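Biologist: Could you walk me through reading empty space and helix packing in a model like this one?
Modeller: Sure, pull it up and we'll go feature by feature.

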Amino acid sequence: MKRTHNNGQLKLENTNEIVTLKGWVSKKRDLGGLVFIDLRDRFGITQLAFHPESPLYQKTLKIKNEYVLEVTGKVIERSSKNKNIPTGDIEVEVTELIILNTSAQTPLIIQDKTDALEEVRLKYRYLDLRRPILQENFIIRHKASQAVREFLNEEGFLEIETPILTKSTPEGARDYLVPSRINGGEFYALPQSPQIFKQLLMISGFEKYYQIAKCFRDEDLRSDRQPEFTQIDIEVSFMDQDEILDVSERMIKSIMKKVKNVDLVDPFPRITYKQAMDKYGIDKPDTRFDMHLVDITDIAAKTAFTVFTSNIENGGIVKAINVKNGASLYSRKGIDKLTDYVKKFRAKGLAYLKLTNTLAGSIIKFLDEDLQKEIIERTKLEENDLLLIVSDKESVVNQSLGNLRNHIAKEQKLYNDDDYDFLWVIDWPMFEYKEEHGRYFSPHHPFTMVQEQDLHLLKEAPDKALAYCYDLVVQGQELGGGSIRIHQEEVQNQVFDILGISKEEQQQKFGFLLDALKYGTPPHGGIAFGFDRLIMLLVHTENIREVVAFPKTNSAQCLLTQAPSSVSEEQLKELSIKTIK
RNA sequence: GGUCCCGUGGUGUAGCGGUUAACAUGCCUGACUGUCACUCAGGAGAUCGCGAGUUCGAUUCUCGUCGGGACCGCCA
């Protein structure tokens, strides 16, 4: 029989209709003659009823959870309704029952609240994915990708695919390599992003490109990082930074409206990279709560505390965060825990002050009355507040206090998952000097254009030059980032020189791009959004595996398929590969 | 590359230098005609991840190993 309805569809108005349903047995309740079965598919659950006088009653005794059924019967109004499900007003009185398939006992319970650990869930992912709560994530993922396409198509963008087998570009993350059989000893790389190809498409004149693109990076995993992930990849010609931010912003708003029916502030606030670092210590600030970092270097320099003063003499800084009502929230032991937390970020310690009638704390003996007053004023310390202070190199102070700020906000639940604090971080520096490598690096990538007024700085003081570069941040997460690209060969050469990439290396790695720049390259720029992270935001999870159908574990393995796995000697030989170990 | 946490019936947990290895849920059997986390009664199900060491004796302590997770580094 053909299915007439899905299991989330039937309402009171269908009463007396004869319907055919198919699905899985979610739960059977046998009351001793009267049997109820909850039939589940991805649309919902419909209750089936069997009465003891029914000729089907004997057959129901065989039915167990996760059996696949086809039933036909009459829709009737329930005598006791269930308000918790959309079909709770009706049930189907079954007159025909076919067991389409049986099921072994499942290793995990197919319910929203499963008791299984992630390890079991990933091994039996196909069962895990039967759970309605997880199916909802992928329904939202689908809606979001459709919203992206609808918006960008409407705006005149073209969706164009770029290669998965491509060229290794060792700048940046480690590449996944694929051996070439036909060209023994040579390798393709899987793309870390379609960056170069989308720029080439601009040179080809496509003007507005997008792709929902798989990207690959062979780096260690985290709860928000998978070796393969998806980006909404966008590139446009003849638009300036403001125009790109505008179209991006409208796209995000359209997704949020279509998928979550949320209206966002218009326009998104913008702060500069420098402001973000000063105020939040981090380039992706969570702006749902305050607790800003306050620079107290000048006050600290006047104290007799040698930890502060010697650090400042060596060019270090001292910053503090004011934890409102923190004096009673954090005991000595609690502060010790916070100290351990900042030590992860190489801070050597965490000084603190509590204001309860009087000022007290680890460094109080180094503060005379005037200094106390200055600190209280500067940090707006009020009764029962806790001041946490880190003294170190600027990078360590910002990183440790910036993360501590997020950590405390999470502990104290200072924010709401439904607050979408979208924020543009703009005016990034062109270059970052890394002591340990003794050279400059690009915060984003080496194709980023320097801001017009700073062009001359490329020669004079590269580290002072700002880039046409922007990140979209929400809830303390980087959701996307992009830049205006360099479209002139000489500027690109100049940047490569500053980055210490030799002429030969430039030719070898990016020769084709440098060549292409010669042939009438239009001014262009673009942006890419982390699609998995967007879905995480929409479904309120911190675990990327909840929004990826078949994810890898922390050690980059698939527990379901056992990938990666060894291959036969024959296969290796064909690929001209010998393994060591 | 590093730090920390976890590994006990199908599943999730408790536990302890000597136990009949406990509880919940799932599973099986029986009872029950309006349940929806049905209820009630009974039952089966675990060489405590693997290896070595300490010990009279190890699931328990130590080391190693494998697997999972969180984080730092890394992720232009």
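Biologist: How do the residues lining the second largest cavity divide into nonpolar, polar and charged?
Modeller: General idea first: rolling a probe the size of a water molecule over the atoms shows where empty space is left. Keep in mind that this is a predicted model. Here the lining of the second largest cavity has 6 nonpolar residues, no polar ones and 1 charged. You'll find Leu122, Arg125, Phe550, Pro551, Cys558, Leu559 and Leu560 around that space, and its volume is about 30 Å³.

Biologist: And how many cavities of 30 Å³ or more are there?
Modeller: The count is 2. The largest has a volume of about 60 Å³. Its lining splits into 8 nonpolar and 4 polar residues, with no charged ones; among them are Met430, Phe431, His444, His445, Cys469 and Val495.

Biologist: Okay, now helices. At what angle do the axes of helix 4 and helix 17 cross?
Modeller: In general, two packed helices are described by the angle between their axes and the distance between the axes. In this model, the axes of helix 4 (residues 132-154) and helix 17 (residues 531-539) cross at roughly 120° and come within 10 Å. So helix 4 counts as oblique to helix 17. The crossing of helix 4 past helix 17 is right-handed.

Biologist: Which residues meet there?
Modeller: From helix 4, it's Asn137, Ile140, Arg141, Ala144 and Ser145; helix 17 brings Phe531, Asp532, Ile535, Leu538 and Val539. Sorted by class, that contact has 6 nonpolar, 2 polar and 2 charged residues.

Technical notes
Residues numbered from 1 in each chain as written. Chains lettered and ligands numbered in written order. Predicted model: local features only at pLDDT ≥ 70, side-chain atom pairs only at ≥ 80, totals over all residues. Heavy atoms only, no water. 1 Å grid on protein atoms, 1.4 Å probe; cavity = no way out; pocket = protein on both sides within 12 Å on 5 of 7 lines; lining within 4 Å. Points joined across faces, edges and corners; volume = space filled by probe spheres on them. Nonpolar A, V, L, I, M, F, W, Y, C, P; charged D, E, K, R; others polar. Axes fitted to C-alpha atoms, helices over the stretch in contact; angles between N-to-C directions. Helix = DSSP H or I, 4+ residues; strand = E, 2+ residues; numbered from the N terminus. Parallel < 35°, antiparallel > 145°, perpendicular 65-115°, else oblique. Left-handed = near helix turned anticlockwise from the far one by under 90°. Contact = heavy atoms within 4.5 Å.
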